[in-house]
Amino acid sequence: MKIKKRYPIIIAVIVVLGVFFLLMTSMMPAQGAQKDCDTSRGGKSIAINGHIMWYDIFGEEKSGTPVYILAGGPGFSSEYMEQYVMFLAQDRPVIMFDGRCSGRSEYTEDLSDCIFENYAKDLEELRSRLTPDDDIILLAHSGGGVTAMEYMTAYEDNVESVIFVSSMASATDVFYSGEYLKTGFPPFNQKYANAWFSANIRELYGDYIANKDVIGILDHCDINYALMMKNCGKDKYDYKEQLENSQIPVLVLYGKECDNPMTDKNAAENLHGIFENSQMYGFEYSGHFCFAEEPEIFEEKVNDFIKETEI
């Protein structure tokens, strides 16, 4: 009799666990969505290592060291950064680039080759085609910092300096956001999941913006949700030992006010402590997007660093 009374409890537990598993599967999807490379808002497409990717180049005729912009996510288009880094194009080429299956680039269902090692290979192939005679400066935001670290380990001789902006730390540090309690969980269909993520972007990132004047910075940003969850939740990395002897000059920037827990002061101090030739600065009134929240100081810090380190 007692066993029969326990049946409803056991069934309820199984149901809860089943729902939890389905939700976690939704958050960590096995496949992505398919999409063509989108140049309708400008830019160009290029075939690299079996993927069609979006890029654009500004200040192409300038003679300074080229700067390659690595957007966050991974999975985000670099569009949200564009207007805030154009000051660099006054003296040097600035290359905006959406990596494989990210942003405005082509998306494929199979994301198995979307790993940081391949992101760095794609970046090197792009460099060899666009600016083959030059070393480069990397300016990497958020999850783009991991691609920068991979590139530094594999192609150190091609890197003049690196600017980490609210970057992830040198090793995997998974953070599960409580914002899903506000937005609900994403659809299983990844095409709809991308739209869901875009529709809820202010809820998901609003707490990480101190200057509410730029709350809409991601409103028109293309995002591959499945790729972001794969790289941030499934793929593991640790670059500490590989980078701790690097002589590459590094600038580490972060927002003091309310940066993302994965990219806050602790992450900045982690990176700053690894590199022998490193500078660090925290923006007093910024969260995760210091280049938009305090653009004048951002421009000053970046320009000063490049002038100090440019060969």
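Q: In this predicted model, where is the place of Ser-246?
A: Two elements frame this stretch of the chain, α9 (240-243) and β7 (250-255). Ser-246 belongs to neither of them, as its place is in the loop between α9 and β7.

Q: Is Ser-246 buried or exposed?
A: The relative accessible area of Ser-246 is 5%. The cut-off for a buried residue is under 20%. Because 5% falls under that limit, Ser-246 is buried.

Q: Which residue has a backbone nitrogen that the side chain of Ser-246 reaches?
A: Leaving out residues up to four places away in sequence, Ser-246 touches Met-152, Glu-156, Phe-275 and Glu-276. The polar contact asked for here is with another residue, and its length is 3.2 Å. It runs from the side chain of Ser-246 to the backbone nitrogen of Ile-248.

Q: How many residues make up the protein, of which buried residues are a share?
A: The protein has twelve helices and eight strands. Its exposed area is about 14200 Å², with carbon and sulfur atoms supplying 51% of that area. Buried residues come to 53% of the total, and that total is 311 residues.

Q: What percentage of the contacts with a separation of 6 or more is between residues 24 or more positions apart?
A: A contact here means heavy atoms within 4.5 Å. Among the contacts in the protein with a separation of 6 or more, the part from residues 24 or more positions apart is 78%.

Q: What is the distance in space, C-alpha to C-alpha, between Gly-144 and Ser-167?
A: Gly-144 is placed in helix α4, and its relative accessibility of 3% makes it count as buried. Outside its neighbours within four places in sequence, it is in contact with Leu-70, Ala-71 and Gly-72. Ser-167 is 23 residues from Gly-144 in sequence, and the C-alpha to C-alpha distance is 7.2 Å.

Q: Which side chain is joined to that of Arg-127 by a polar contact of 2.9 Å?
A: Arg-127 sits in helix α3 and is buried, at a relative accessible area of 8%. Not counting residues up to four places away in sequence, it touches Tyr-68, Pro-132, Asp-134, Ile-136, Tyr-151 and Asn-158. The polar contact of 2.9 Å joins its side chain to that of Glu-124.

Q: What is the volume of the second largest cavity?
A: The protein has four cavities of 30 Å³ or more. The second largest cavity is lined by 16 residues, and Ala-71, Phe-97, Gly-99, Ser-102 and Thr-147 lie nearest its centre. Its lining divides into seven nonpolar, seven polar and two charged residues. The volume of this cavity is about 190 Å³.

Q: Which elements each supply at least two residues of the lining of the second largest cavity?
A: A strand and two helices meet this condition. The strand covers residues 94-98, while the helices cover 116-130 and 144-154. These elements are β4, α3 and α4.

Q: How many residues of the lining of the largest pocket are charged?
A: The largest pocket holds about 170 Å³ of space. Its lining includes Lys-35, Lys-191 and Asp-222, along with others such as Tyr-107 and Ser-198. Five lining residues are nonpolar and four are polar, while the number of charged ones is three.

Q: How many of the ten residues of helix α8 are buried?
A: Helix α8 spans residues 225-234 and is mostly covered. Its buried residues include Tyr-225, Leu-227, Lys-230 and Gly-233. Of its ten residues, the number buried is nine.

Q: What is the distance in space, C-alpha to C-alpha, between Gly-216 and Tyr-80?
A: Gly-216 lies in the loop between α7 (201-205) and α8, and is partly exposed at 27% relative accessible area. In sequence, Gly-216 and Tyr-80 are 136 residues apart. In space, C-alpha to C-alpha, they are apart by 9.4 Å.

Q: Is the peptide bond from Gly-73 to Pro-74 cis or trans?
A: Most peptide bonds are trans. Pro-74 lies in the loop between β3 (67-70) and α2 (82-85). The bond from Gly-73 to Pro-74 has omega near -10°, and it is cis.

Q: What is the phi of Ser-142?
A: Most residues other than glycine have a negative phi. Ser-142 lies in the loop between β5 (136-141) and α4, and counts as buried at 10% relative accessibility. It is not a glycine, yet its phi is positive, at about 55°.

How values were computed: Residues numbered from 1 in each chain as written. Predicted model: local features only at pLDDT ≥ 70, side-chain atom pairs only at ≥ 80, totals over all residues. Heavy atoms only, no water. 1 Å grid on protein atoms, 1.4 Å probe; cavity = no way out; pocket = protein on both sides within 12 Å on 5 of 7 lines; lining within 4 Å. Points joined across faces, edges and corners; volume = space filled by probe spheres on them. Nonpolar A, V, L, I, M, F, W, Y, C, P; charged D, E, K, R; others polar. Buried < 20%, exposed > 50% of the residue type's maximum accessible area, 1.4 Å probe, protein only. Helix = DSSP H or I, 4+ residues; strand = E, 2+ residues; numbered from the N terminus. Areas by Shrake-Rupley, 256 points an atom, 1.4 Å probe, with all protein chains shown as cover. Polar contact = N/O pair within 3.5 Å; in protein donor to acceptor, adjacent residues only side chain to side chain.
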